Amino acid sequence: MSDATVALSIRSLGRIPGVAVMLALLLVIFSAVAPGFLSAANIANVLVQSTILMMLSLPMTLIIMTEGLDLSMGAVLTLTSLVVAIVSLATGSMLLGLAAAVLVGAAFGTVNGWLVAVLGIPPFVATLGTLGIAQGLSLIVSDGQSVVGIPRSVSEVYSATLAGVPMPIVLALLCYLVFHGLLYHTRFGTYVFALGGNREALKYAGRSPTRLLIAVYALGGATVGVAGLMMTARMNSGHPTAGLGLEFDAIAAVAVGGTSFERGNGWLPGTVLGVIAVGILRNGLNLMALPSSIQVASVGFLVIFALFVDGLRGRS
Amino acid sequence: MTDVTKPALASPRAFVSEDVIQVFYRLLAALVICVVLSLLSGSFLHLANILNVLRQASLMFFIASGLTLVVLTAGLDLSVGANVAISACLAGTVIHQTGSPTLGVLTGLVAGGVIGLLNGVMVTALRIPSFIATYGMLWVLNGLTYWYMAGGIVHGFPPGFRQIGSGYLFGLPTPVYLLGAFLAIGTIFAQRTVWGQQIYAIGANPVAARLSGIPVTRRLIMVYVVSGIMAGLASIIFLARLNSAEADIGESLTLPAIAAVLIGGTSLFGGVGTMFGTFVGALILTLVLNGMNLLQVNANWQPLVTGVIVVLAVWLDMKMRRRT
Amino acid sequence: MRRSIYTALTLLASGAMATTAYADGETIAVFTKNQTNPFFQAVRVGADNAAKTLNAKTLHYIPTKPDSIPEQLSQIEDVVVKKPDAIVFTPVDYKAMVPGVEKINGANIPVVNITDRSAGGKFVSFVGADDYSLGLETARFLLKKLGGKGNIVIIEGVKGSLTNVDRVRGFNDALKENPGAKLIASQPGNYQRLQALQVMENLIQSNPQIDGVLAANDAMAMGAIEALDGANVKAQVIGINGTKEAVDAIKSGKLLASGDYNGFLQGCVGTTIAIRTLRKQPVVSEIVLKPTVVTKDNYQPYDSSVESRSCPTWDEALKLGGK
């Protein structure tokens, strides 16, 4: 790892208290007031429910680190989950469904990357465009209906366990290890940091920022394809609007976790904590059976509070 | 992204003429769309249809106009839709309980403004990025609206009040006059007042702007307050047009407003864009949607078409700016 | 119903306790689709009403994102851990929620299906209105009023939702019975007032002669009426839901009729069945509420706010359509 990366990592480490403190607070409060919160079954639930968001938030972290944004993730998730349903229904194979989903996701990611890196369109706009395209395609291939009757092998992905650990958690963990390894232990990771704060350095190193940027978005798209499999497995069907809007949750989780929008200060573990914090908040409020309107407002407060604290810590 | 060496108040006059060219091209695009639609559909050129389009575009413009100022400062306000919803619900309730449309209008405007103020404070004093701050606000507002409305609707307003939204004045829909008024006010404000110029400067180069003595915090707060008040205004028009308010009317309003701002040529990086451009952006979007309805295009295609247009518009804009 | 500003402030001050605690009694978890549709508010009021009468407690689960499938799935998973005594369930999507219902079945919690008939899973009972007959009867009423002929427009709801599919099917079958009536357009309004208004505005442009509008819900019917009024086009409009606003419009003659979907009753009866099951009292496997077309002649029972109504007794409920 280069000195710059080490320095950035150390600066990122200074953020540990922020989101971790909030997580700890939430855990303490909910253990006290939410009945059944601390049971093993409930904690397992929260973790499992967070996996799809996790799979969106991890690549989103990288994208945000490159001063970008991917608004199309929710729509692409919906589309890839439909692809899994349709392909596995037609071929009887879960793996083929997965492969198709990853391909479609990667294709969208590549288009996003191309729009941003080659055409120079601001990521917000580019991904807003692909959002519309993915959303439209979802409605068209499904004609607005759920796709049902898919092979058991798909839903088993969600309900299976590996050594007692639910499969979704295993997959999310794998996903995290992959991203963590990529970001902190490979040269690719260094380049991603550079894409955010220091694109000039890339040119001096003889690397093409364009190709790297496209790779980051494509990787994101491929990961969304895997999340599509999870989503279809969970619903045991494909649905044309199921994942819409999730990209905002992912962006919020990344921001809550400490990654800054302005430069390449990314902290992947923070994203994980951010996702879990949001999941715990929703779960705790559910268990307390608070009026749904309060649940809705609380999510907003959490996000604002998290970033307010971050601001206090003097990040600029 | 923030290069201190860029000039802070880089010749406003230059911006104006460059922007005029951009707006011109967009008007041309809108014209082309009109021609195509009139060829494809016999009903497009009916006076009633044109008036409908103008009215629909006005509604979009009210929200998008305040948003334009925010985006000019390189910010974003994701809470506008929810703002419209809660302001409409509050205003509607006030009209019912006090019988006074004037009080209702005031309530809507004040509610919108207060929300804008809170957004502005979050972005400046609390130093929360506008994307996140307004996103959080969106959720908070939704929660409040759901709780307040409790699944109910507020409906049935005095006919005089309803004229604001659904009435006609000398043959043109009433909102169009308001559109004209705010377009004029907005353009004069942005291009010809010191405050307006300062907003452009803040967007172009916040560091230099601060260094050259512009009270950035105060201007930013003002910009969010204006965005909020415009959302409040939009809520009144919606209330008058629909003769009702419910908790979920804001859901589908935010993204089209943002799209209108972007299609109109305002840059997300700040410092570039015009009010008139936003109006043309709203017009283009409305024309396309109107066309799809008239031609009975399957509703499934609508998000796709909207997305493509936004990307196309921004891309063309960038290509042309690079040339000049 | 919405609160006045004054009571809102008082309520805010006294804290947001949505469920009053009952001394002892079963806990019934009630799942509805969203917080914004007045229909589901009526369902919740009905459920609370029934529970209060029978000395039980209700807990409400509503997705924070309206109609969100993943959220309802999560809420089911959470509820299975919390283990209420029984569940009254409206699936956000009748096909996608089947795994969720199977989870509830796996946890051995008795569950009653209301409103939308789920495509799978085991239920103690189903309580709902038959959307198909609702659409059919309401459309028949309009067509009869028009003498069986005229230009008809259908404003559909959300593409893919069961209520929409069945209602529109009912509309179309009623049209088939009346060969003199011509369907000139069928466009989606997504159950949204503004969208229906703008769609109707645009349709009026391409079809100046419109005699009847079949809207798949009341909000869209009201939107269509606004558009028709604005363009000075006279047409008969029907909606579905039987909301207070629709009833007011029927009284004033703006709306011809509204098919009664009665969320209040569904909430009442569904909860009653859940409680009776727990108390080992006899229940029936389904109660399909007979369609009522609310018109100028019979609107009186529907003219009151949901909160002021009271649930029917068990025997009255059976007469509504029990099998």
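Start by selecting residues 13–23 of chain C: this is a predicted model, and over that stretch the pLDDT stays under 50. Even so, the model has nine contacts for these residues beyond four places in sequence. Take that bit with a pinch of salt, then colour the rest of chain C by confidence. Chain C averages a pLDDT of 86, and 92% of its residues score at least 70. For the complex, the predictor gives an ipTM of 0.82 along with a pTM of 0.85.

Next, hide chain C and bring up chains A and B. Where they meet, pick out 37 residues from chain B and 41 residues from chain A. How much area is buried between chain B and chain A? It comes to about 3300 Å², and carbon and sulfur atoms give 82% of that.

Now hunt for charged pairs across this contact: the count of salt bridges between chain B and chain A is zero. Polar contacts do turn up there, in two residue pairs, both at pLDDT 80 or more.

Stay on the chain B side and select three helices, H5 (130–149), H11 (254–263) and H13 (302–323). These are the elements that give two or more residues to the side touching chain A. Which of them should you zoom in on? Go for H5(B), which supplies the largest share of that side, 12 residues.

Last stop: colour the chain B side of the contact by residue type. You'll find 30 nonpolar residues, five polar ones and two charged ones facing chain A in that contact.

Notes. Residues numbered from 1 in each chain as written. Chains lettered and ligands numbered in written order. Predicted model: local features only at pLDDT ≥ 70, side-chain atom pairs only at ≥ 80, totals over all residues. Heavy atoms only, no water. pLDDT = per-residue confidence, 0-100. Contact = heavy atoms within 4.5 Å. Buried area = accessible area lost by both parts, 1.4 Å probe. Salt bridge = Lys/Arg side-chain N within 4 Å of Asp/Glu carboxyl O. Polar contact = N/O pair within 3.5 Å; in protein donor to acceptor, adjacent residues only side chain to side chain. Helix = DSSP H or I, 4+ residues; strand = E, 2+ residues; numbered from the N terminus. Nonpolar A, V, L, I, M, F, W, Y, C, P; charged D, E, K, R; others polar.
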